[in-house]
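User: I am new to this structure. Please pick one residue, look closely at its surroundings, and then show me how that spot fits into the whole.

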Amino acid sequence: MSSVEISEGSVLLEICGDQPLFYRQAVPSSGSGGLCVLLLHGIRFSSKNWQKIGTLETLAAAGYRALAIDLPGLGQSKAAVAPAAVGELAPAVFLRQVCEGLQTGPVVIISPSLSGMYSLPFLFQHSELLKAYIPVAPICTEKFTAEQYGSIQTPALIVYGDQDTQLGEVSLNNLSQLPNHRVVVMKGAGHPCYLDDPETWHKAVLDFLQQLR
């Protein structure tokens, strides 16, 4: 993966109280890459985890632009105001501003756990901006109806660990109502299944992304 460059930066978003939102980015050596993959994270994690397990490098080495942000109030974005505090539509507006501010174009979003509070509203309100959706046992799946799920044509890869018998199974039951989905169950893995088995995780994501091209 020596051809991959990883950088750090920040972007100012109006919805976050004009405080910087931190991100890490990996791009192929040939340039900014084509399709952009935006990685979110859970409450105990940050963009650093995606760097540690090699997801940023793996995506960039495969030709994608990989962006991992620290969500508002977490990681190195602690000063940024959590947009959920400023209205019901704020989580979707937040991700739209992230995509606009970082010029992602049509984006693939990887969304584990806590980040479901942002990615799911974005999916339902701005599906036209989403190239694909990769939820990993996200929260908030029960807040949407079967009719809402059924209206979304965005390709989805539902990933969870078979040891995650609570949130993993609940989210699967709801997300499986998406018409255009496939499921990857990671054997022996818990809630943050990507940390338990990065190799299987990377293969599943790359196989899925390859079929979008």
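Analyst:
**Starting point**

Leave aside the neighbours within four places in sequence, and His202 is in contact with Ile53, Gly54, Thr55 and Thr58. His202 itself sits in helix H8, which runs over residues 198-210. Is His202 buried or exposed? Its relative accessible area is 12%. The cut-off for buried is under 20%, so His202 counts as buried. One caution before going on: this is a predicted model.

**Just before the helix**

Step back along the chain to Asp197. This residue lies in the loop between helix H7 (193-196) and H8. Asp197 is partly exposed, with a relative accessible area of 24%. That value is not under 20%, so Asp197 misses the buried class. Now compare sequence and space. Asp197 and Thr165 are 32 residues apart in sequence, and their C-alpha atoms are 17 Å apart.

A second pair starts inside the helix region and reaches across the model. Val205 and Gln19 are 186 residues apart in sequence and 32 Å apart in space, C-alpha to C-alpha. Gln19 lies in the loop between strand E1 (5-12) and strand E2 (20-27). At 32% relative accessibility, Gln19 counts as partly exposed.

**The wider frame**

Now zoom out. The protein has 8 helices and 8 strands. Its radius of gyration is 16 Å, close to the 17 Å that the globule rule gives for 213 residues, so the protein is as compact as a globular protein of that length. Along the principal axes, the C-alpha atoms fill a box of roughly 40 × 35 × 30 Å.

How much of the protein is buried? Of the 213 residues, 54% count as buried. Residues 24 or more positions apart supply 71% of the contacts that have a separation of 6 or more. The protein exposes about 9,100 Å². Carbon and sulfur atoms supply 49% of that area. As for charge, there are 13 positive and 18 negative side chains. The centres of the two sets lie 4 Å apart.

**Inside the fold**

The largest nonpolar core has 42 residues. Within this core, Leu38, Ile69, Phe94, Ile109 and Leu120 have the most contacts. Helix H3 (residues 90-101) gives the most to this core, with 6 residues. Another core lies apart from it. That second core has 29 residues, among them Ala26, Trp50, Tyr64 and Leu157.

Follow Leu120. Residues up to four places away in sequence are not counted here. Leu120 then touches Tyr133, Ile139, Cys140, Thr141, Phe144, Tyr149 and Leu175. Leu120 is one of the buried residues of helix H4. Why is H4 described as largely enclosed by the rest of the structure? Because 8 of its 10 residues are buried. These are Gly116, Tyr118, Ser119, Leu120, Pro121, Phe122, Leu123 and Phe124. The cover over them includes H3, E5, strand E6 (130-136), helix H5 (146-150) and helix H6 (167-175).

**A buried tyrosine**

Tyr160 makes a useful second stop. Its place is in strand E7, residues 156-161. The relative accessible area of Tyr160 is 12%, so this residue counts as buried. Setting aside neighbours within four places in sequence, Tyr160 is in contact with Ala137, Gly168, Glu169, Leu172, Val183, Val184, Val185, Met186 and Cys193. Pro135 is 25 residues away from Tyr160 along the chain, with 8.4 Å between the C-alpha atoms.

**Two loop residues to check**

Most residues other than glycine have a negative phi. Two loop residues here depart from that sign. Gln103 has a positive phi of about 50° although it is not a glycine. Ser113 has a positive phi too, of about 45°, and is not a glycine either.

Where do they sit? Gln103 lies in the loop between H3 and strand E5 (107-112). Ser113 lies in the loop between E5 and helix H4 (116-125). Their surroundings fall into opposite classes. Gln103 has 68% relative accessibility; exposed means over 50%, so Gln103 counts as exposed. Ser113 has a relative accessible area of 14% and is buried.

**Back to the start**

Return to His202 with that picture in mind. His202 belongs to H8. The residue is buried, and its contacts beyond the neighbouring sequence are Ile53, Gly54, Thr55 and Thr58.

Methods:
Residues are numbered from 1 along each chain as its sequence is written. This is a predicted model: local features need pLDDT of at least 70, side-chain atom pairs count only at pLDDT 80 or more; totals for chains, interfaces and linings use all residues. Side-chain values use heavy atoms; hydrogens and water are left out. Helices (H or I, at least four residues) and strands (E, at least two) are DSSP runs, numbered from the N terminus. The radius of gyration is taken over C-alpha atoms; the globule rule is 2.2 Å times the number of residues to the power 0.38. Buried means under 20% relative accessible area, exposed over 50%, partly exposed in between (1.4 Å probe, protein chains only). Contact means heavy atoms within 4.5 Å. Accessible areas come from the Shrake-Rupley method with a 1.4 Å probe; for residues, only the protein chains shown count as cover. Lys and Arg count as positive and Asp and Glu as negative; His and the chain ends are not counted. The place of a charge is taken as NZ of Lys, CZ of Arg, CG of Asp or CD of Glu. A nonpolar core is a set of buried Ala, Val, Leu, Ile, Met, Phe, Trp, Tyr and Cys residues joined through side-chain atoms within 4.5 Å.
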